[in-house]
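The exercises below ask you to read a protein model step by step. Try each task with the structure open before you turn to its solution.

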Amino acid sequence: MSAPDNDTVTTAEATSDAVLPQTGGSGDPALPDADEISSDAVVETVDVRDEDDEDEDEDEDEDDDDEDGSPDTLLVREGDVAGDYLERLLDILDVDGDIDLDVEGDRASVAVVGGELRTLIGPDGATLEALQELTRLAVAQSTGVRSRLMLDIGGFRAKRRADLTSLATAATERVGQSRQPERLSPMNPFERKVVHDVVAAAAGVRSESEGEEPNRRVVVLPDA
C-alpha cells in the first residue's frame with residue numbers, strides 16, 4: 001500500500017453485487033447495492049424560487065469525533081480500515097491497484113490508482129459510487145461511527161471535480177450577467193458540493209439545492 005498523500009474516477013467484470021465479500025467466518029460485512037449515479041450536468045434556465053432551500057445533504061454537514069475527542073485519529077483509522085477492505089476486494093477480483101490514503105479536511109480520502117480500473121468506475125462512475133457506499137459501511141461496522149470517507153478510483157473524481165468546476169464557473173458568470181437563475185441537472189452529493197463551493201467563492205451569486213434524490217440538483221441564482 002502506498003504511503004498517505006484536502007474537499008460537490010478495469011479488467012474484471014464488476015458490479016455492486018459482484019465485488020463484495022460476503023459475511024463469513026472472518027466477519028467481513030455483506031453490503032447492499034448503492035443508488036444509481038446521475039448523468040453529467042447540463043444547464044437550463046428556471047424560474048426564480050422564493051424559498052431559501054439550503055443543501056441539506058448529510059454527507060456534507062456531519063462532523064464526527066472519535067471516543068477520545070480527536071477526529072483526526074478516527075479519520076486515520078477509517079482510512080486504514082477502508083484500505084484493508086479495498087485490498088481484499090482487489091485480491092478477490094484479481095485487479096492490480098495501489099491504495100493511497102489521506103485526510104482531506106474533515107474526512108478520510110482513499111484512492112485506488114494504477115492498473116486497468118475502468119470496470120471499478122462503471123458508467124458515469126456508477127460502480128465507484130456503489131463501492132464508496134459499501135466501503136463506508138465496512139468502515140462504520142468497524143469503527144461504530146458513520147463514515148463520510150471519499151473514494152476515488154483511477155482519478156475519476158479528480159477529473160469530475162475539474163469538469164464541474166469549469167461548468168459551475170461558467171454558470172456563475174452567466175447568472176451574474178443575465179441576473180436569471182440557472183438549474184443544473186441532477187447530481188450526487190459530491191458533485192453538488194463541488195458546485196456549491198465554486199458558487200460560494202463568486203461575487204453576486206448564490207446557490208441552493210432542490211428536489212429529492214436521485215434527482216436533487218443545484219440552482220444558481222443572482223444575489224437579491
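Two strands pair if DSSP finds at least two bridges between them, where strands (E, at least two residues) and helices (H or I, at least four) are DSSP runs numbered from the N terminus. This is a predicted model, in which local features need pLDDT of at least 70 and side-chain atom pairs count only at pLDDT 80 or more, while totals for chains, interfaces and linings use all residues. Residues are numbered from 1 along each chain as its sequence is written, and side-chain values use heavy atoms, with hydrogens and water left out.

**Exercise 1. Confidence and overall make-up**

Task: State how confident the predictor is in the protein chain, and list its elements in order.

Solution. Begin with pLDDT, the predictor's confidence in each residue, from 0 to 100. Its mean over the protein chain is 77, and 68% of the residues reach 70 or more. Over residues 1–69, however, pLDDT stays under 50. Next, turn to the elements: the chain has six helices and seven strands, which follow one another from the N terminus as β-α-α-β-β-α-α-β-α-β-α-β-β. Finally, consider burial, where buried means under 20% relative accessible area, exposed over 50%, and partly exposed in between (1.4 Å probe, protein chains only). Of the 224 residues in the protein chain, 47% are buried.

**Exercise 2. The open sheet**

Task: Work out the strand order of the open sheet of three strands, and explain why β2 and β4 each have one side without a neighbour in the sheet.

Solution. The strand order is β2-β3-β4, and the pairing is mixed. Because β2 (98–104) and β4 (150–153) stand at the edges with a single partner strand each, one side of each has no neighbour in the sheet. Now take the pairs in turn: β2 and β3 (residues 107–113) run antiparallel and are joined by seven bridges, whereas β3 and β4 pair in the parallel sense over four bridges. Serine 109 in β3 serves as a landmark, since aspartate 102 stands opposite it, and its bridge partner in β4 is methionine 150. As for the faces of β4, Met150 and Asp152 on one side and Leu151 and Ile153 on the other are all buried.

**Exercise 3. Two helices**

Task: Compare the span of α5 and of α6 with the expected value, and find which residues of α6 are buried.

Solution. The expected span of a helix is 1.5 Å times one less than its number of residues. Helix α5 (residues 156–178) has 23 residues and reaches 33 Å from its first C-alpha to its last, close to the expected 33 Å. Just after α5, arginine 179 takes a positive phi of about 60°. For the twelve residues of α6 (residues 189–200) the expected span is 16 Å, and the end C-alpha atoms are 16 Å apart, which agrees. Ten of these twelve residues are buried, so α6 is largely enclosed by the rest of the structure; among them are Phe190, Val194, Val195 and His196.

**Exercise 4. The partners of β7**

Task: Which strands pair with β7, and in what sense?

Solution. Strand β5 (residues 182–184) pairs with β7 in the antiparallel sense over two bridges, with glutamate 182 opposite valine 220. Strand β6 (residues 205–210) also runs antiparallel to β7, joined to it by six bridges, and valine 205 stands opposite proline 222. In the hairpin of β6 and β7, which has six residues between the strands, glycine 211 takes a positive phi near 90°. Six of the six residues of β7 (residues 217–222) are buried, so this strand is largely enclosed by the rest of the structure. In a regular strand the side chains alternate between the two faces of the sheet. In β7, Arg217, Val219 and Leu221 point one way, and Val218, Val220 and Pro222 the other way.

Conventions:
Contact means heavy atoms within 4.5 Å.
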